[in-house]
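Okay, thanks for making room for me on the agenda. Have the structure open on your own screen if you can, and follow along as I go.

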Amino acid sequence: MATLREVRKRIKSAQNIQQITKAMKMVAAAKLRKAQERILHARPYADKIREVIADLVTKAEPGRFPLVRENKGVKKEALIIITADKGLCGSFNTNLIKEALNKMKDTPDLNLFFIGKKGMDLLKKFGKEIEKFKFNDRKINWFDVEEMADMASENYINEKYARVEIIYSQFQNSLQQKIVRKQLLPVVFEKEEAAVSNEFIYEPNEDAVLNDLITRYVKTTLFRAVLESQASEHGVRMVSMEMATNNAGDMIRSLTLLANKTRQAAITREIMEIVGGANAIQNG
Amino acid sequence: MAKTFELSIVTPEKKVFEGKVVSLAAPGIEGEFGVLAQHAPFATVLAPGVVDIKHEDGRREMMAVSGGYIEVAAGKAVLLVETAERPEEIDVDTLKRRKAEHEKMLKARNREDIDYDALQAQLLNEISRLKAIEILEKRKRV
């Protein structure tokens with residue numbers, strides 16, 4: 001049986017862990033709120049672009065734009081994997097990586113782009129060509145995403161890739177996320193009800209403007225994926241830290257019980273020894 | 001009273017402005033243009049520069065924007081830009097200092113712990129904002 005001192009030491013360390021997990025949970029909750037706000041703020045921009053493009057899609061033929069056109073005869077594909085930078089968020093990264101591994105199995109000729117350190121750490125040993133890596137922290141902004149999107153688009157236009165996909169975690173609520181694999185290039189439009197079609201004057205010309213818009217659409221899609229994945233990450237971390245805190249609490253409770261029993265046993269033993277000693281003196 | 005139209009300026013990070021304005025001047029990729037109420041449907045790509053807004057009450061406001069897209073249709077103008085900042089939001093001195101710093105770091109290129117691509121992107125951003133400020137200053141003097 002453990003000595004009293006050992007048990008107390010374990011209680012202490014469980015308490016320390018509980019403090020840390022509790023703090024991490026609160027930090028994650030605050031970050032989650034911020035990440036959600038960012039998603040909300042990004043929405044008008046994304047919606048507007050989608051709206052404009054939905055209008056165009058009704059009349060445009062796909063062959064006109066390099067980012068919509070399919071690259072036939074090209075085998076190589078690219079994958080953008082958006083994970084977290086840090087661990088301690090349950091199965092968040094593992095699930096994303098599982099999905100990525102599935103894709104790797106299907107497509108041997110694959111270039112990888114990473115946003116988030118964990119994905120890079122876990123997947124680099126598979127020997128795929130790594131094109132680009134970015135940290136996925138709260139400082140990541142439009143420019144970082146833009147750079148990556150530009151790079152992928154450029155390679156696509158130069159017919160290096162047949163397809164570019166992204167894997168990320170879609171935020172549903174703080175308890176639920178969904179792993180999503182989405183095709184980024186060639187751009188596929190979700191058909192929406194045709195918007196009111198205005199006869200626009202395009203400057204310098206229609207193709208240039210629409211091309212620019214499609215590029216923007218690609219960037220927005222990627223940016224949105226990054227924001228979603230951040231919100232998911234913090235959501236998952238919040239939940240898993242909550243669980244860790246609860247577990248630590250359970251552990252402290254059972255250890256305290258054990259400590260009390262041990263103490264009780266020690267006292268009982270001592271009393272018995274004293275009584276035994278006293279009896280021995282009396283009888284002697 | 002002058003006729004107004006709806007204007008909204010949105011960036012991927014937030015909605016910067018939404019409201020009724022009398023006129024708008026923006027830097028198109030083929031030169032600056034103005035928009036008044038009842039403008040014909042129009043769409044173009046924007047270059048980095050300064051957007052000049054005239055409010056209903058005659059107040060003028062300028063904003064530094066990076067490139068983007070503008071669409072004018074049916075009494076509404078929508079500006080989709082990557083960044084839009086009011087001059088008072090930009091700290092010129094800090095910006096200049098940061099620009100110089102980044103330029104130096106970029107030239108050196110001798111450290112492994114620095115993400116040079118990110119640096120380059122930041123630098124471009126700083127340059128375009130400084131340029132916008134410059135234009136703003138010039139306008140004020142006129």
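I'll start with the sheet in chain A, move on to the core and a few odd backbone spots, and finish with chain B and the contact. One caveat up front: this is a predicted model.

So, chain A. There's an open sheet of five strands here, in the order β3-β2-β1-β4-β5, and the pairing is mixed. Which strands stand at the edges? Those are β3 (129-134) and β5 (176-185) of chain A; each has a single partner strand, so one side of each is left without a neighbour in the sheet. If you ignore direction, neighbouring strands are turned by 20 degrees against each other on average.

Now zoom in on β1 (77-82) and β2 (110-115) of chain A. These two pair in the parallel sense, over six bridges. A couple of residues to click on: A:Ile80 sits opposite A:Phe113 of β2(A), and A:Ile81 has A:Phe114 in β2(A) as its bridge partner. As for β2(A) itself, five of its six residues are buried, so the strand is largely enclosed by the rest of the structure.

What packs on this sheet? One helix is α4 (142-157) of chain A, which touches β1, β2, β3, β4 (163-173) and β5 of chain A. The direction of α4(A) makes about 155 degrees with that of β3(A). Another is α5 (206-283) of chain A, touching β1, β2, β4 and β5 of chain A. For α5(A), the angle with the direction of β4(A) is about 40 degrees.

That takes us to the core. The largest nonpolar core has 83 residues, and the members that touch the most other members are A:Ile80, A:Ile81, A:Ala152 and A:Leu222. You've already met the two isoleucines, as residues with bridge partners in β2(A). The largest share of this core comes from α5(A), with 15 residues. Take A:Leu222: leaving out residues up to four places away in sequence, A:Leu222 touches A:Val145, A:Met148, A:Ala149, A:Ile166 and A:Leu184.

Okay, odd backbone spots, for anyone who likes checking torsions. Most residues other than glycine have a negative phi, and most peptide bonds are trans. With that in mind, look at A:Leu88, where phi is near 55 degrees, a positive value in a residue other than glycine. A:Leu88 is in the loop between β1 and α2 (92-106) of chain A, and with 15 other C-beta atoms within 10 Å, this leucine is partly exposed. Then there's A:Glu159, also not a glycine, with a positive phi of about 60 degrees. You'll find A:Glu159 in the loop between α4 and β4 of chain A, partly exposed too, with 14 other C-beta atoms within 10 Å. And there's a cis peptide bond between A:Leu185 and A:Pro186, with omega about -10 degrees. A:Pro186 is in the loop between β5 and β6 of chain A.

Over to chain B. We have two helices and nine strands, and from the N terminus the strands run first, with the helices after them. Of the 142 residues, 28% count as buried. The domain assignment splits chain B into domain 1 (5-85) and domain 2 (91-141). Each domain puts seven residues into the contact between them. On the domain 1 side, β5 (49-55) and β6 (60-65) of chain B each supply at least two residues, and that side divides into four nonpolar, two polar and one charged.

One residue to look at here is B:Thr83, in the loop between β8 and β9 (84-85) of chain B. Is B:Thr83 buried or exposed? Buried, because there are 22 C-beta neighbours inside 10 Å. Beyond four places in sequence, B:Thr83 is in contact with B:Thr11, B:Val65 and B:Ser66.

Last bit: how do the chains meet? The contact takes 27 residues from chain B and 25 from chain A. On the chain B side, α2(B) gives the most, with five residues. That side comes to 15 nonpolar, five polar and seven charged residues. There's strand pairing across the chains as well: β6 (201-203) of chain A and β4(B) pair in the parallel sense over three bridges. To find the spot, look for A:Tyr202, which stands opposite B:Ala43 in β4(B).

That's my tour, so over to you for questions.

How values were computed. Residues are numbered from 1 along each chain as its sequence is written. Chains are lettered from A and ligands numbered from 1 in the order in which they are written. This is a predicted model: local features need pLDDT of at least 70, side-chain atom pairs count only at pLDDT 80 or more; totals for chains, interfaces and linings use all residues. Domain bounds come from an automatic or database domain assignment. Two residues are in contact if their C-beta atoms, placed from the backbone, lie within 7 Å. Helices (H or I, at least four residues) and strands (E, at least two) are DSSP runs, numbered from the N terminus. Ala, Val, Leu, Ile, Met, Phe, Trp, Tyr, Cys and Pro count as nonpolar, Asp, Glu, Lys and Arg as charged, and the others, Gly among them, as polar. Two strands pair if DSSP finds at least two bridges between them. Axes are lines fitted to C-alpha atoms, for helices over the stretch in contact, and angles run from 0 to 180 degrees between N-to-C directions. A nonpolar core is a set of buried Ala, Val, Leu, Ile, Met, Phe, Trp, Tyr and Cys residues joined through C-beta atoms within 7 Å. A residue is buried if 20 or more other C-beta atoms lie within 10 Å of its own, exposed if 12 or fewer, and partly exposed in between; C-beta atoms are placed from the backbone.
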